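Welcome! Let us take a walk through this structure together, one piece at a time.

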Amino acid sequence: MAKDERLDSLDRQILKQLTKSARTPFRDIAEVCGVSRAAVHQRVQKMIDDDVILGSMFIINPKSIGYLTCTYVGVLVEKGSMCAKVADELRKIPEVVECHLTTGPYAMLVKLYARDNEQLLDLLYNKMAQIEGVSSTETLISLDQCIMREIPVADAAPKTSPRHKKHEKIQLEDDAE
């Protein structure tokens with residue numbers, strides 16, 4: 001069962017409130033949802049335990065602390081089997097804030113911040129390019145961030161496609177034998 005199917009309408013209402021601001025007091029969420037503060041607390045804790053909620057954090061404006069350049073780096077690796085090792089090494093570079101395994105021309109897509117072009121050059125040539133398994137990189141500098149938001153919380157779980165329902169029926173028939 002998909003995680004989304006385990007969420008009922010109250011869970012979804014709570015998530016919608018939390019995506020507006022993770023700092024919203026539980027009593028305010030409880031008031032909007034028409035339940036007790038304790039019920040909200042229990043639901044949030046269950047969603048944390050079930051990895052529906054992965055955490056809450058303050059979002060720091062990188063420019064306010066001197067990181068003026070946001071960069072996306074496409075990483076080619078020598079062999080796909082080296083991605084985990086490369087990711088472990090990238091994790092050691094504090095300026096790397098995201099790393100995704102991807103399809104397409106790159107094995108990985110990395111988001112990092114640099115204070116200026118000099119630091120970016122150092123990160124690319126003296127840190128990333130030196131990682132065993134990295135064969136090359138391509139750098140894209142972000143000029144401005146136009147959209148930043150959480151994924152929307154739907155009111156109900158998406159319906160299972162007919163193809164999936166057919167597969168479930170076949171699986172049940174196989175189990176009956």
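Strands S2 and S3 are joined in a hairpin with six residues between the strands, and there Gly104 takes a positive phi near 95 degrees. Bear in mind as you look that this is a predicted model. The two strands of the hairpin, S2 and S3, pair in the antiparallel sense over five bridges. If you would like a landmark in this pairing, find Leu101, which stands opposite Met108 in S3.

Now step back to take in the sheet that these strands belong to. It is an open sheet of four strands, ordered S2-S3-S1-S4, with antiparallel pairing. Which strands stand at the edges? They are S2 (96-101) and S4 (134-142); each has a single partner strand, so one side of each is left without a neighbour in the sheet. From one strand to the next, the twist averages 20 degrees.

Strand S1 deserves a longer visit. On one hand, S1 pairs with S3 in the antiparallel sense over seven bridges, and Val73 stands opposite Val110 in S3. On the other hand, S1 pairs with S4, again in the antiparallel sense, over eight bridges. Two places to look in that second pairing are Val75, which stands opposite Thr137 in S4, and Thr71, which stands opposite Ile141 in S4.

How many of the nine residues of S1 are buried? Seven of the nine are, so the strand is largely enclosed by the rest of the structure. Thr71 makes a good example to zoom in on. This residue lies in S1, which spans residues 69-77, and Thr71 is buried, with a relative accessible area of 0%. Setting aside its neighbours within four places in sequence, Thr71 is in contact with Val110, Lys111, Leu112, Leu120, Thr139, Leu140 and Ile141.

Helices come up against this sheet as well. Helix H4 (residues 83-90) lies across S1, S2, S3 (108-114) and S4, and runs at about 10 degrees to S3. Helix H5 (residues 117-128) also packs on the sheet, where it touches S1, S3 and S4. The direction of H5 makes about 140 degrees with that of S3.

Let us move on to the helices that come earlier in the chain, beginning with H2. Within H2 (residues 26-33), the residues Ile29, Ala30 and Cys33 are buried. Looking down the axis of H2, you would see these buried residues fall within an arc of 100 degrees, so they line one face of the helix. Behind this pattern is a general rule: an α-helix has 3.6 residues a turn, so residues three or four places apart point the same way. Turn to the other side of H2 and you will find Arg27, Glu31 and Val32 exposed.

What covers the buried residues of H2? The cover includes helix H1 (9-20) and helix H3 (37-49). H1 and H2 pack at an angle of about 130 degrees, and their axes are 10 Å apart. The two helices H1 and H2 are therefore oblique to each other, and H1 passes H2 in a right-handed crossing. On the H1 side, the contact is made by Leu10, Gln13, Ile14, Gln17 and Leu18, while H2 contributes Ile29, Val32 and Cys33.

One last stop remains at the end of H2. The helix is followed by Gly34, whose phi is positive, near 75 degrees.

Note on methods
Residues are numbered from 1 along each chain as its sequence is written. This is a predicted model: local features need pLDDT of at least 70, side-chain atom pairs count only at pLDDT 80 or more; totals for chains, interfaces and linings use all residues. Side-chain values use heavy atoms; hydrogens and water are left out. Buried means under 20% relative accessible area, exposed over 50%, partly exposed in between (1.4 Å probe, protein chains only). The arc is that of the directions from the helix axis to the C-beta atoms. Contact means heavy atoms within 4.5 Å. Two strands pair if DSSP finds at least two bridges between them. Axes are lines fitted to C-alpha atoms, for helices over the stretch in contact, and angles run from 0 to 180 degrees between N-to-C directions. Angles under 35 degrees count as roughly parallel, over 145 as roughly antiparallel, 65 to 115 as roughly perpendicular and the rest as oblique. A crossing is left-handed if the near helix is turned anticlockwise from the far one by less than a right angle, and right-handed if clockwise.
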